[in-house]
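Reader: I've never read a protein model before. Could you walk me through a few features, one at a time?

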Amino acid sequence: MANAQDKQVEDSMAMGTATRPESKAMPVGVRGVNAPSMSRLQHISLQYGLDCNDEELEVYKEKMIEVLRAFKSLAAMTEPIPEVKYPRTPGYRPKPQDNPYNAWYWRCDIRGACTGLLAGRTVAIKDSIQVAGVPMMNGSRVLEGFMPPIDATVVTRVLDAGGHITGKAACEDMCLSGSGSMCGTGPVRNPHKEGHVTGGSSSGCAALVAAREVDMAIGGDQGGSVRFPACWSGIVGLKPTYGLVPYTGACSMERSLDHLGPMAATVRDCALLLQTIAGYDDGNDTRQPRDLRVPNYTEQLKGDPKQLKIGVVKEGFANCHDPVNGIVRGALDKLRAAGATVEDVSIPAHIEASGVFTTITAHGIGESMLKAEGVQIGDRGMQSTALADAQRRGFRAHSQYLSYVTKLFLLTSEYVREEYGFHFYSKARNISHEVIASYNAALEKYDVLAMPTIVYPAPEIPTTRPLSET
């Protein structure tokens, strides 16, 4: 049975309304700012141990009313948002027979400029990235029904370069799984082997590229979410250097981990898409330096392998399954035969990196994604107000539908914060600098560090979803 969102889209399609979404957003989410009740102030005082009596709270309440005038004034203002440059209809949810790998969340037809680097190329966009006027759920029922008012910067750049966006690719629930089986619309199936996962969280992107349903896709990566599905689906995926590709307009998990990256069938197409989406975003993404320059990546593919020095990270092969070990070693042998220098290198900090990453991620999910609703507190870049409002409503109304993995991280985050504060987050942040320095030291000697993306082959789609599945 079609839901209300499907009905809305069908009505729009029936009327043939191909329009540019309105670029001036009216204030939404908060219609007014009310003075707090005494009971609410008592609760806050108790929560933070402020030890305020009722007489004191009455005084604070009067003072708060003065402060809240600024919020009331802001509620009436219209915030600037990026122009939506290219017309589109909302599209439609594909029928199962038209979605054999369950890799599409939504189909649309958005054509960009007539010429450019991507002219004639079809592109899928991960459903954690906003496309104006096209439904978005970030793999989760928490956001289902949200209609973004803006195009993410990478979406505009694809269209400016002549790309043709044909839909939103399914992803894992809130992008919190590497398996490919945690999407709110069901597991994404691997085109190469029936009944097996694609890897996540950019699961739909990988399956669509592997099945040749699109030429390329834009995925998101915090801890492997472009690289894992690219590996298990037999395509090329790249997690770019931090800040190279603007994250403006995408769902945030943890600011220091957020990346968007290209996925394609070939290295050249991956380089072409990276060249299109990389570059400075006029201060909207404050992680980017003003002097950020984007080279011609496709031209850089013409190097001589005899000048290449490859360091094979010993620790990256820990617990590696024999078939994976054989494939990776075989690829390295081919590079050696082509003239490249291939040597083993030890980076002991590689083993520690997993614990550091998990700690930062767990805290980030609880504090940034849930409590701050994806808003980057203290960041002067562009914020996605409509997306934050949608996340707030969704978490309040539909948290029970979150995946096992998302619930696990949220419970862990809150428990650790209540018991230990931010001690471990702070410590992980400091240790992360040493981990990064150890990789950089190896890269002083080698051009490339090589290891398996994942040490085991793609497993079967699970029939149950245990908490250990990540």
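Reader: Let's start on the outside. Which residues make the nonpolar surface patch?

Author: Keep in mind that this is a predicted model. Here I44, Y48 and L50 make a nonpolar surface patch of about 320 Å². If you want to find L50, look in the loop between α2 (38–47) and α3 (54–75).

Reader: What is the mean pLDDT of the protein chain?

Author: Here's the general idea: where pLDDT is low, don't read the predicted coordinates in detail. For this protein chain the mean is 91, and 92% of the residues reach 70 or more. Residues 1–29 are another story, with pLDDT below 50. That stretch still has 50 contacts in the model beyond near neighbours in sequence.

Reader: Okay, how about holes inside? How many cavities of 30 Å³ or more are there?

Author: You roll a probe the size of a water molecule over the atoms and see where empty space is left. Searching the whole structure this way turns up three cavities of 30 Å³ or more. The largest has a volume of about 200 Å³. It is lined by 21 residues, and the closest to its centre are A250, G374, Q376, M382 and S384.

Reader: And charged side chains? Which residue does D269 meet in a salt bridge?

Author: Side chains of opposite charge can pair when their charged atoms come close. The count here is 19 salt bridges. In one of them, D269 meets R121 at 2.7 Å, N to O.

Reader: Why does that pair tie together parts that are apart in sequence?

Author: Because D269 sits in helix α7 (residues 267–277), while R121 is in the loop between β1 (104–111) and β2 (122–126). The parts tied together are 148 residues apart in sequence.

Notes:
Residues are numbered from 1 along each chain as its sequence is written. This is a predicted model: local features need pLDDT of at least 70, side-chain atom pairs count only at pLDDT 80 or more; totals for chains, interfaces and linings use all residues. Side-chain values use heavy atoms; hydrogens and water are left out. Patches are made of residues with over 30% relative accessible area and no salt bridge: like charges are joined within 9 Å, nonpolar side chains (Val, Leu, Ile, Met, Phe, Trp, Tyr) within 5 Å. Accessible areas come from the Shrake-Rupley method with a 1.4 Å probe; for residues, only the protein chains shown count as cover. A salt bridge is a side-chain nitrogen of Lys or Arg within 4 Å of a carboxyl oxygen of Asp or Glu. Helices (H or I, at least four residues) and strands (E, at least two) are DSSP runs, numbered from the N terminus. pLDDT is the predictor's confidence in each residue, from 0 to 100. Contact means heavy atoms within 4.5 Å. On a 1 Å grid over the protein atoms alone, a cavity is a set of points where a 1.4 Å probe fits but cannot get out, and a pocket is an open set with protein on both sides within 12 Å along at least five of seven lines; lining residues have an atom within 4 Å of a point. Grid points are joined across faces, edges and corners, and a volume is the space filled by probe spheres set on the points.
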